[in-house]
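Q: Got a minute to go through this one with me? I'll just throw questions at you as I look around.

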Amino acid sequence: MEVDLDIKVAAIEKAIQSKVSNEMQRVSLTLDVINEVVSREMTAKQADISSYFDTNAALFDTRQLPGGDPAFFLQASLASYNKTIYATQANIVGTDPLVQHQIKMIEAKKKTSDAYRKLMEKINARSNQ
């Protein structure tokens, strides 16, 4: 394929050089034509993927569901589902030992950093006197 493509490119360049005298136009035309030839060669040699279309079509079921009275779906009462599902979860978080430990650790870190800040303020105040 590469040799055949090189021959085509050489023939194109020769034809363009004989017909176009401006160097910029010649380069532009050569690039455009070579790009088109290479694109055609690439698409001509690509693999046949038509068998994938059948496989893809087999993945989808296009049958229609049975029809009926649409009002049937309007009569369903969903009142029994009208309750919160996260109300008990909030209580679980409040009594979880791991969460309680994390809260205590955060409070201890805050107290430690506050004490350190006060100590540094007193040291700075003493050194400034």
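Q: Starting with Ile49: what does Ile49 count as, going by its relative accessibility?
A: Ile49 counts as partly exposed, because its relative accessibility is 48%. Keep in mind that this is a predicted model.

Q: And where does Ile49 lie?
A: In the loop between helix 2 (23-44) and helix 3 (50-59).

Q: Which residues make the nonpolar surface patch with Ile49?
A: Tyr52 and Phe53 make the patch together with Ile49, and it comes to about 380 Å².

Q: OK, zooming out. How many helices and strands are there in the protein?
A: There are 6 helices and 0 strands. Read from the N terminus, the order of elements is α-α-α-α-α-α.

Q: What share of the residues is buried?
A: Buried residues account for 8% of the 129 in the protein. As for surface, the protein exposes about 12,300 Å², and 60% of that is supplied by carbon and sulfur atoms.

Q: Since it's predicted, what's the mean pLDDT?
A: The mean is 77, with 88% of the residues at 70 or more.

Q: Where is confidence lowest, and where is it highest?
A: Helix 5 (residues 87-95) is the lowest, at a mean of 64, while helix 6 (residues 97-128) is the highest, at 90. Where pLDDT is low, the predicted coordinates shouldn't be read in detail.

Q: Back to helix 2, then. How many residues does helix 2 have, and how far does it reach?
A: Helix 2 has 22 residues and spans 31 Å from its first C-alpha to its last, which is close to the 32 Å expected at 1.5 Å a residue.

Q: Which residues of helix 2 are buried?
A: Arg26, Thr30, Ile34, Val37 and Glu41 are the buried ones. They sit on the same side of helix 2, because they cover an arc of only 65° around the axis.

Q: And which are exposed on the other side of helix 2?
A: Met24, Leu31, Asn35, Arg40 and Met42.

Q: Arg40 caught my eye. Which side chain does Arg40 meet in a salt bridge?
A: Glu36, at 2.9 Å from N to O. Both residues are in helix 2, 4 residues apart, about one turn of the helix.

Q: Why would that spacing suit a pair?
A: An α-helix has 3.6 residues a turn, so residues three or four places apart point the same way. Side chains of opposite charge can pair when their charged atoms come close.

Q: Is Arg40 buried or exposed? And what about Glu36?
A: Arg40 has a relative accessible area of 57%, so it counts as exposed. Glu36 is partly exposed, at 41%.

Q: How many salt bridges are there in the whole structure?
A: The search finds 4.

Q: Which residues are linked in a network of salt bridges?
A: Lys110, Asp114, Arg117 and Glu121. Within that network, Arg117 meets Asp114 at 3.8 Å, N to O, and the Arg117 side chain also meets Glu121, at 3.3 Å.

Q: How far apart are those partners along helix 6?
A: Arg117 and Asp114 are 3 residues apart in helix 6, so about one helical turn separates them. Glu121 and Arg117 are 4 residues apart in helix 6, which again means about one helical turn.

Q: Last thing: what's the accessibility of Arg117, Asp114 and Glu121?
A: Arg117 is partly exposed, with 41% relative accessibility. Asp114 is partly exposed at 25%, and Glu121 is partly exposed at 45%.

Methods
Residues numbered from 1 in each chain as written. Predicted model: local features only at pLDDT ≥ 70, side-chain atom pairs only at ≥ 80, totals over all residues. Heavy atoms only, no water. Patch = residues over 30% accessible without salt bridge, like charges linked within 9 Å, V, L, I, M, F, W, Y side chains within 5 Å. Areas by Shrake-Rupley, 256 points an atom, 1.4 Å probe, with all protein chains shown as cover. Helix = DSSP H or I, 4+ residues; strand = E, 2+ residues; numbered from the N terminus. Buried < 20%, exposed > 50% of the residue type's maximum accessible area, 1.4 Å probe, protein only. pLDDT = per-residue confidence, 0-100. Expected span 1.5 Å × (residues − 1). Arc of directions from axis to C-beta.
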